[in-house]
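Visitor: I would like to learn how features of a protein model are read, beginning with the way helices pack and going on to aromatic rings. Could you take me through them one at a time?

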Amino acid sequence: MDEASEREFADYFRARRDMVRRTAYMMCGDWHKADDHAQAAFVALHRNWRKIRDREAIDSWMRRTLTRAVIDESRRPWRREKSTADHVEVAVPPAADTMATRQVLVDGLRTVPPRQRAVLVLRFFEGLDVAETAKVMGCSEGTVKSQTARGLEALRAALGDVLDDLRTAG
């Protein structure tokens, strides 16, 4: 890559690295894995930087690359986590602060299957609409809708009474 392209990539990296890392964390629930996924996405972007002609589409390209990396990693047999209990109790004190609430949400997201979790993060954390999410995920809009519904149902089931406790505490 020439010097101007390297500078342009470095500027993009500095501007987006925290956002990409947070999105990866919301999808996988582990900061170390999130760092790995974000790094893999930026390495892929660097490799393809000259091929991307529409600089306005880089964020979309990164979301798609990151989403695929997280989902693909979850499919690898040696990465699958083994559950030690059928049901994990999550206790949140009535006066839960923002950090505790965020941690409860992330813990709940960990129980949601990877594709559903990716759809929830893209829709509600990244703020993408159904069509944009379908484009990132490489699936139909109907699939995004059904994965959203199932993901929200799984998240509600995982959070259970914690949601009611948070509503009454707030």
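Guide: Axes are lines fitted to C-alpha atoms, for helices over the stretch in contact, and the angles between N-to-C directions run from 0 to 180 degrees. Helices (H or I, at least four residues) and strands (E, at least two) are DSSP runs, numbered from the N terminus. This is a predicted model, in which local features need pLDDT of at least 70 and side-chain atom pairs count only at pLDDT 80 or more, while totals for chains, interfaces and linings use all residues. Residues are numbered from 1 along each chain as its sequence is written, and side-chain values use heavy atoms, with hydrogens and water left out.

Visitor: How many helices and strands are there in the protein?
Guide: The protein has eight helices and zero strands, so that the order of elements from the N terminus reads α-α-α-α-α-α-α-α.

Visitor: How is a pair of packed helices read, and at what angle do H1 and H3 cross?
Guide: Two packed helices are described by the angle between their axes and the distance between the axes. For H1 and H3, the axes come within 11 Å and cross at roughly 35°, and the crossing is right-handed (the near helix is turned clockwise from the far one by less than a right angle; anticlockwise would be left-handed). Tyr-12, Arg-16, Val-20, Thr-23, Ala-24, Met-27 and Cys-28 of H1 make the contact (heavy atoms within 4.5 Å) with Ile-58, Asp-59, Met-62, Leu-66, Thr-67 and Val-70 of H3. These residues divide into nine nonpolar (Ala, Val, Leu, Ile, Met, Phe, Trp, Tyr, Cys and Pro), two charged (Asp, Glu, Lys and Arg) and two polar (the others, Gly among them).

Visitor: Which residues of H5 and H6 meet?
Guide: Arg-115, Ala-118, Val-119, Leu-122 and Arg-123 in H5 meet Val-130, Thr-133, Val-136 and Met-137 in H6, a set made up of six nonpolar, one polar and two charged residues. The axes of H5 (residues 114–125) and H6 (residues 130–137) come within 10 Å and cross at roughly 135°. The two helices are therefore oblique to each other (under 35 degrees is roughly parallel, over 145 roughly antiparallel, 65 to 115 roughly perpendicular and the rest oblique).

Visitor: Where does Thr-67 lie, and which residues does Thr-67 touch?
Guide: Thr-67 lies in helix H3 and, not counting residues up to four places away in sequence, touches Met-27, Ala-118, Leu-122, Val-136 and Met-137. Thr-67 is buried, with a relative accessible area of 1% (buried means under 20%, exposed over 50%, partly exposed in between, with a 1.4 Å probe and protein chains only).

Visitor: How are aromatic rings read, and how many aromatic pairs does a search of the whole structure find?
Guide: A pair of aromatic rings is described by the distance of the centres and the angle of the planes. The search finds five aromatic pairs (rings of Phe, Tyr and Trp, its six-membered ring, with centres within 6.5 Å; planes under 30 degrees apart are stacked, over 60 edge-to-face and the rest tilted). In one of them, the ring centres of Phe-9 and Trp-49 are 5.4 Å apart with planes at 85°, so the pair is edge-to-face. Phe-9 is in helix H1, whereas Trp-49 is in the loop between H2 and H3, 40 residues apart. Tyr-12 and Trp-49 form a tilted pair, 6.1 Å centre to centre with 50° between the planes.

Visitor: Which residues form one aromatic cluster?
Guide: The cluster is formed by Phe-9, Tyr-12, Phe-13, Phe-42 and Trp-49.
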